[in-house]
Amino acid sequence: MTDLLPAQTERWRGMEDQIHALMKQYAYQEIRTPLLEASELYVKSVGEQTDIVQKEQYRFEDKNGDWITLRPEGTASVVRSLVQNTLWEEGRITRLYYMGPMFRRERPQKGRYRQFHQFGLECFGSHAPSLDVEVILVLSRLAEMFGLTAPKLKLNSLGDLPSRAVYRDVLLTYLEKHRDALDETTRERMAENPLRAFDSKAPETQAVMSAAPILLDYISDDERAHFDHVRSHLENLNIAYEVDPKIVRGLDYYTHTVFEMVSQDLGSQNAVGGGGRYNHLVASMGGKSCPAVGFAMGLERLLMIAHLKEQSKVRKLVAFPLCPEAESGALRLCEKVRDLGDYEVEWIPGKSSLKAALRLADKVNADYAVFVGETELAASEFMLKEMQSGEQSRHSATALCNWLIQHKEATRL
Ligand code: HAM
């Protein structure tokens with residue numbers, strides 16, 4: 001878990017602001033859910049046999065005996081809230097997004113943290129393949145907006161539950177046949193969830209999996225038609241992708257389309273974002289039958305590889321009252337400059353020497369420094385120093401504000 005220090009938070013906020021603005025353009029509304037949920041929620045949604053639930057939860061017993069989990073992802077909470085607050089009506093589409101910290105007790109490494117941040121969106125209420133495409137469009141637009149170099153979109157279809165059940169047996173039979181060639185972890189967990197064998201990093205298992213039967217060969221005609229629709233929309237929109245049968249996702253709720261965006265710039269934790277369709281989750285949590293699709297992106301990973309555009313710099317003014325009697329007037333001036341709207345104004349009391357004040361103004365990267373000593377106070381004026389040129393001038397409060405406005409216009413021209 002890391003502190004986001006002042007040197008980083010500005011970049012974070014710039015990224016968050018751009019994401020909020022993008023969401024408005026796609027008609028998604030923000031939802032904020034609690035960081036804590038009943039542990040049961042993740043067993044029912046993410047799945048009992050997944051790494052997230054088995055190994056990575058921050059889970060504790062509350063004083064009244066309830067089991068609580070720090071949220072490891074956002075989809076489950078959003079679905080819970082959708083059902084509890086009736087945010088979706090039949091015949092409508094509900095579009096929601098969220099941003100915030102998630103918690104997984106994974107082995108930390110570059111790009112993998114125990115508290116990390118996700119931006120995610122969820123689109124409820126339609127089976128239309130064009131909505132799978134809408135969420136993929138947002139993902140690729142974000143990649144473009146943040147200047148990712150050569151991101152890759154990987155696509156697969158997991159079909160629906162009956163085809164998956166058939167495939168599961170086929171895969172399990174194959175794995176049993178090659179049992180001796182598999183790594184120990186895969187052998188131990190394959191009976192519970194054979195698809196996870198595709199996620200194994202062990203070279204001996206990867207060799208076995210490269211010749212394994214694939215789910216795409218077992219999906220029904222309807223499921224294939226859905227997948228083909230998604231693919232042709234993507235092609236018509238010039239969104240590059242590759243079908244990768246190994247994308248099985250580490251969470252149990254998916255059906256039909258699944259996808260991941262990866263970037264070679266990230267190293268071994270190369271997934272920037274991932275998601276897919278989940279047509280049964282809402283109903284399994286007590287809601288009506290409501291198809292849905294969404295994705296989430298890791299914001300730390302996004303920032304690691306983003307090429308952000310320079311944000312326009314706000315000019316900085318520092319104000320130094322050089323004697324206590326000058327403070328009220330200088331505070332009033334600061335308020336006036338803040339009212340102009342374009343300045344960062346920093347108040348630094350307690351300096352009596354001009355030389356020390358100037359040194360500090362330089363250190364805090366000020367564009368302008370304003371001083372009031374006894375001479376200026378007597379004349380109801382302020383001394384203004386332009387830090388770059390070194391020029392000094394004396395003004396009344398109003399004249400100083402006018403000077404700042406004119407100077408800004410002039411430098412813009
Ligand atoms: P996920 O693939 O588990 O999906 O996580 C999405 C993204 O979160 C990953 O691609 C990665 O960038 C980031 N991430 C995950 N774990 C970590 C970590 N320990 N440290 C840093 N970044 C991490 C989900 O969470 C689904 N809820 C996505 C979704 C939304 N599916 C449908 N709707």
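**Close-up 1. Cys290 and Cys401 in a predicted model without disulfides.** Cys290 has a relative accessibility of 0% and therefore counts as buried, the term being used for a relative accessible area under 20%, with exposed meaning over 50% and partly exposed in between (1.4 Å probe, protein chains only). The closest cysteine sulfur to that of Cys290 belongs to Cys123 and is 9.0 Å away, too far for a bond. Cys401 is likewise in no disulfide, the nearest cysteine sulfur, that of Cys334, being 9.9 Å away, and Cys401 is buried at a relative accessible area of 7%. A search of the whole structure finds zero disulfides, defined as pairs of cysteine sulfur atoms within 2.5 Å.

**Close-up 2. The tilted pair of Tyr167 and Tyr218.** The structure holds ten aromatic pairs, counted where ring centres of Phe, Tyr or Trp (its six-membered ring) lie within 6.5 Å, with planes under 30 degrees apart called stacked, over 60 edge-to-face and the rest tilted. In this pair the centres are 5.6 Å apart and the planes stand at 50 degrees. Tyr167 is buried at 1% relative accessibility, whereas Tyr218 is partly exposed at 32%.

**Close-up 3. An aromatic cluster and a charge over a ring.** Tyr97, Phe119, Phe259 and Phe295 form one aromatic cluster. Elsewhere, the charged end of Arg59 sits over the ring of Trp67, 4.3 Å from its centre (NZ of Lys or CZ of Arg within 6 Å of the ring centre and within 35 degrees of the ring normal).

Residues are numbered from 1 along each chain as its sequence is written, and side-chain values use heavy atoms, leaving out hydrogens and water. In this predicted model, local features need pLDDT of at least 70 and side-chain atom pairs count only at pLDDT 80 or more, while totals for chains, interfaces and linings use all residues.
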